[in-house]
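Student: I'd like a close look at one part of this protein: any empty spaces and what lines them. Please take me through it slowly.

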Amino acid sequence: MTYTDPGTQYAQKVVNGEIIACKKVIQACQRHLDDLEKENFDYVYLPERAEIAVKFMEILPDISTGEPVPLAEFQKFIVYSLFGWYHKDNNSLRRFNKALISMARKNGKSALISGIAIYEFLAGKYPRHNRQIYCTAQSREQASIVFNMVVQRLDGLLAKSEAIRNDVRKVRNEITQNSTYSVLKPLSKDTGNINGFAPTLSILDEYGASKTNEMMEVLESGAILQPN
């Protein structure tokens, strides 16, 4: 089968040298291409699902201009990797449950992960109800950076959609979706006891600055009953 989706196209450009990339990016792209060729593989690639996520993220407004911004090729590759690969025997379950996204400053990391957070909050299907999305970091100030971007981009979306506007409510540092009882909010070690949470999606911003892996361990243990 021939794949022409943006995720696969980016991988091909990186591997053939058309796009200059570092060793780890080349390896990730080569893995993607190699896996597409495997027979009797445990996973299946469904790029049409990732396309839905990309199209959604590309209608979200930029916080500086208020206008929608298309994703860059490398951002699309990340989204297609996360939202395009599924277990072959149960294609409601994603192949990848953890991603390390590392890039230079001012290259769109916060815009990308805020888009992923909003997509999972409004359009996530697993679970259909009570989704818990957390923007986390070691400090409250750092955790608020991505969350504040989520708020600003979501406000722009609410201004254009009455249906979403009627379904979403923000009170202080918490956003809720009434129809699914889902929640999106920032968390940090300063928050206090976070052991009672059951995250559907956790974002650990600036994880490289973490002195311990305590936050990741708490979030992972809270998500242990989440099949996706």
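Tutor: Let's start with residue classes: Ala, Val, Leu, Ile, Met, Phe, Trp, Tyr, Cys and Pro count as nonpolar, Asp, Glu, Lys and Arg as charged, and the others, including Gly, as polar. What you see is a predicted model, in which local features need pLDDT of at least 70 and side-chain atom pairs count only at pLDDT 80 or more, while totals for chains, interfaces and linings use all residues. Numbering starts from 1 along each chain as its sequence is written, and side-chain values use heavy atoms, leaving out hydrogens and water.

Now for the empty spaces. Rolling a probe the size of a water molecule over the atoms shows where empty space is left. On a 1 Å grid over the protein atoms alone, a cavity is a set of points where a 1.4 Å probe fits but cannot get out; a pocket is an open set with protein on both sides within 12 Å along at least five of seven lines; and lining residues have an atom within 4 Å of a point. Points are joined across faces, edges and corners, and a volume is the space filled by probe spheres set on them.

How many cavities of 30 Å³ or more does the structure hold? There are two. The largest cavity has a volume of about 40 Å³. Its lining is made of Ala28, Arg31, His32, Asp35, Ser81, Trp85, Arg95 and Phe96. By class, that gives three nonpolar, two polar and three charged residues. Helix α2 (residues 23–37) supplies the largest share of this lining, four residues. Helices (H or I, at least four residues) and strands (E, at least two) are DSSP runs, numbered from the N terminus.

One residue of that lining deserves a closer look: Arg95. You will find Arg95 in the loop between β3 (90–94) and α5 (109–123). Is Arg95 buried or exposed? With a relative accessible area of 16%, Arg95 is buried; the cut-offs are under 20% for buried and over 50% for exposed, with partly exposed in between (1.4 Å probe, protein chains only). The side chain of Arg95 makes a polar contact with the side chain of Asp35, at 2.9 Å. A polar contact is a pair of N or O atoms within 3.5 Å; within protein, one must be able to donate a hydrogen and the other to accept it, and residues adjacent in sequence count only if both atoms are side-chain atoms. Both Arg95 and Asp35 appear in the lining of the largest cavity. Setting aside neighbours within four places in sequence, Arg95 is in contact (heavy atoms within 4.5 Å) with Asp35, Phe41, Tyr43, Trp85, Tyr86 and His87. Trp85, in that list, is also one of the lining residues of the largest cavity.

Next comes the second largest cavity, with a volume of about 30 Å³. Thr136, Ala137, Gln138, Leu204, Asp205, Tyr207, Ser210 and Met215 line this one. Sorted by class, they are four nonpolar, three polar and one charged.

Pockets are open, so let's add one of them to the picture. The second largest pocket has a volume of about 800 Å³. It is lined by 20 residues, and those closest to its centre are Val25, Ala28, Ile78, Leu100 and Ile101. Two elements, α2 and α4 (73–84), give two or more residues to this lining. Helix α4 contributes the most, with five residues. Of the lining residues, 14 are nonpolar, three polar and three charged. Notice Ala28: it is among the residues closest to the centre of this pocket, and it also lines the largest cavity.

Finally, a few backbone details in the loops. After helix α2, Asn40 sits in the loop leading to β1 (43–45). Asn40 has a positive phi of about 55° although it is not a glycine, and it is exposed, with a relative accessible area of 76%. Lys106 belongs to the loop between β3 and α5. Its phi is near 65°, again positive in a residue other than glycine, and Lys106 is exposed at 78% relative accessible area. In the loop between α5 and β4 (132–137) lies Pro127. The peptide bond from Tyr126 to Pro127 is cis, with omega near 0°.
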